[in-house]
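Here are my notes on the model you sent round. I've kept them as short numbered points, so skim as you like.

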Amino acid sequence: MAKRYGMWSYTVGAAAARTGDEMSGPALLLAGFAVTGSAATGSALLAAVTASAALGGPLLGVLLDRSARPGRLLTGALAGYAAALAVIVLCLGPLPLPVTLLIAACAGLAAPALAGGWTAQLPRVVPAARLPRATALDAMTFNLAGLTGPALAGVVAGLAGARVAVVASIALICLALPAARTLPPSRDHPRRARSTTSIGTDLAAGFRAVFRTPPLARATVASMSSCVGQGILVAYSPLLGEQVFGSAAHGTILLSVVAGSALTTNALLARRPHAVRPDTVMWCSALILAGAFLLASTGRPMLLIAAMLLAGIGEGPQLTALFAIRHREAPDRLRGRVFTTGASLKITAFALGAALTGPLTTHAHPIPLYAATTFEVLAALTFAHLRPRRPAVHVCSRPTPSLPAPAPTPTRPDQPDPRTHATPVRGEPPEPATATEAQPPT
């Protein structure tokens with residue numbers, strides 16, 4: 001019963017925190033526009049949070065791996081993130097924009113706690129036999145947050161204002177604090193009490209674990225390439241909705257279709273978590289996303305909706321497979337660093353895709369989608385090319401059975417034993433008889 005409650009508490013806490021995080025981004029965009037009248041203000045706030053999140057992930061992973069009670073550290077990180085969002089709401093307008101951007105950057109340092117930092121604690125919540133199903137449920141919280149977070153931000157902002165939408169996202173994050181506080185301690189409790197290595201050494205160890213472990217390296221690189229394509233889709237969705245349906249608001253609906261499809265697919269996979277190997281899912285999902293982006297490039301409404309459904313079928317299981325590979329390959333002493341570093345790299349790749357969308361939209365309509373397709377195909381090829389090599393098996397010939405030693409030749413009483421009697425070399429006098437040798441009678 002305790003184990004079931006532990007997983008229930010983990011899932012509810014993770015869903016609340018991640019929904020609040022997904023809600024805070026659009027809410028900050030709306031708040032910046034409402035206060036200053038410029039969309040650039042909201043974009044700058046969101047960019048500051050995202051950029052610092054990419055930098056803060058590895059450092060947070062080091063602190064989690066050093067902590068004997070990582071749940072308490074996660075609680076502090078979540079509380080700090082929520083407090084920084086509240087300060088942003090209070091300072092937006094009265095203080096100069098650079099000061100508010102600095103506060104947003106400080107808030108982003110703790111943002112990876114909601115993603116990789118929380119997922120890294122999953123093996124301490126459930127036994128190893130239930131980890132695949134728990135991983136699928138954990139990935140579903142991301143899909144649920146992506147589906148409901150932006151929609152809640154829009155609804156609350158429309159009813160009560162953009163500032164209240166930010167406050168609502170803060171409340172959701174605070175709801176997760178009890179679940180984070182009660183996370184189990186690390187297994188090697190006494191050994192983590194004191195660390196004898198420097199922060200820089202531990203950071204380097206985390207990056208080495210990610211890029212020198214072949215299964216982790218190829219999963220990380222492939223997921224980064226795939227995230228570039230997904231970033232292009234998200235940034236291009238308003239223009240895609242305007243071109244196909246006549247309204248940029250329909251682009252948000254398209255992203256909700258992707259999130260709903262991903263949530264449904266992961267729910268089905270959670271019933272049979274061992275049906276497909278996660279390594280197979282990684283490259284298959286990238287090809288599914290490539291096909292979805294090509295289908296979306298046709299510009300036809302029904303085909304575009306089908307493409308978004310197909311994109312969710314690829315995106316949802318890919319995240320589950322990535323978590324499964326990290327849980328399988330990451331050493332327990334480096335688990336926090338592997339997850340938070342991987343999350344930071346994915347955030348960076350997603351931001352790169354969003355940044356590429358602007359220059360690509362100056363060309364013809366399907367060019368951004370073609371670029372996204374290229375990155376997805378590159379992800380599948382990278383995963384296949386970086387396949388870990390199996391150790392060479394040396395075929396040895398059958399060993400020759402050893403022959404028994406020949407029995408000693410029996411000797412007559414008057415004949416010396418050849419094993420103890422040395423034959424004199426020609427030209428040398430024979431050795432005199434020792435006292436132990438038998439003397440003939442006189």
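1. Burial. Of the 442 residues in the protein chain, 44% come out as buried. Keep in mind that this is a predicted model. The accessible surface adds up to about 22,600 Å², and carbon and sulfur atoms make up 67% of that area.

2. Secondary structure. The protein chain has 15 helices and 0 strands. On to how the chain meets itself: taking contacts with a separation of 6 or more, 83% are between residues 24 or more positions apart.

3. A helix pair. Have a look at α10 (residues 214–245) and α15 (residues 367–385), whose axes come within 8 Å and cross at roughly 165°. Angles over 145 degrees count as roughly antiparallel, so α10 is roughly antiparallel to α15. As for handedness, the crossing of α10 and α15 is left-handed.

4. Ser9. Is S9 buried or exposed? S9 sits in helix α1 (residues 2–36), and its relative accessibility is 12%. The cut-off for buried is under 20%, so S9 counts as buried. Which residues does S9 touch, leaving aside its neighbours within four places in sequence? The contacts are A179 and T182. In the C-alpha trace, S9 and L183 are separated by 9.0 Å, although their positions lie 174 residues apart along the chain.

5. His327. This one belongs to helix α13 (residues 301–329). With a relative accessible area of 7%, H327 is buried, since the limit is under 20%. Setting aside neighbours within four places in sequence, H327 has a list of contacts worth clicking through: T119, L122, P123, L131, T135, R335 and F339. I'd put H327 on screen together with those residues, among them R335 and F339.

6. Cysteines. How many disulfides does the sulfur-distance rule give? The count is 0. For the record, a disulfide is a covalent bond between the sulfur atoms of two cysteines. Two cysteines to look at here are C106 and C284. C106 has a relative accessibility of 48%, and C284 has 26%. Partly exposed covers the range between the 20% and 50% cut-offs, so C106 counts as partly exposed, and C284 also counts as partly exposed.

Methods. Residues numbered from 1 in each chain as written. Predicted model: local features only at pLDDT ≥ 70, side-chain atom pairs only at ≥ 80, totals over all residues. Heavy atoms only, no water. Helix = DSSP H or I, 4+ residues; strand = E, 2+ residues; numbered from the N terminus. Buried < 20%, exposed > 50% of the residue type's maximum accessible area, 1.4 Å probe, protein only. Contact = heavy atoms within 4.5 Å. Areas by Shrake-Rupley, 256 points an atom, 1.4 Å probe, with all protein chains shown as cover. Disulfide = S-S within 2.5 Å. Axes fitted to C-alpha atoms, helices over the stretch in contact; angles between N-to-C directions. Parallel < 35°, antiparallel > 145°, perpendicular 65-115°, else oblique. Left-handed = near helix turned anticlockwise from the far one by under 90°.
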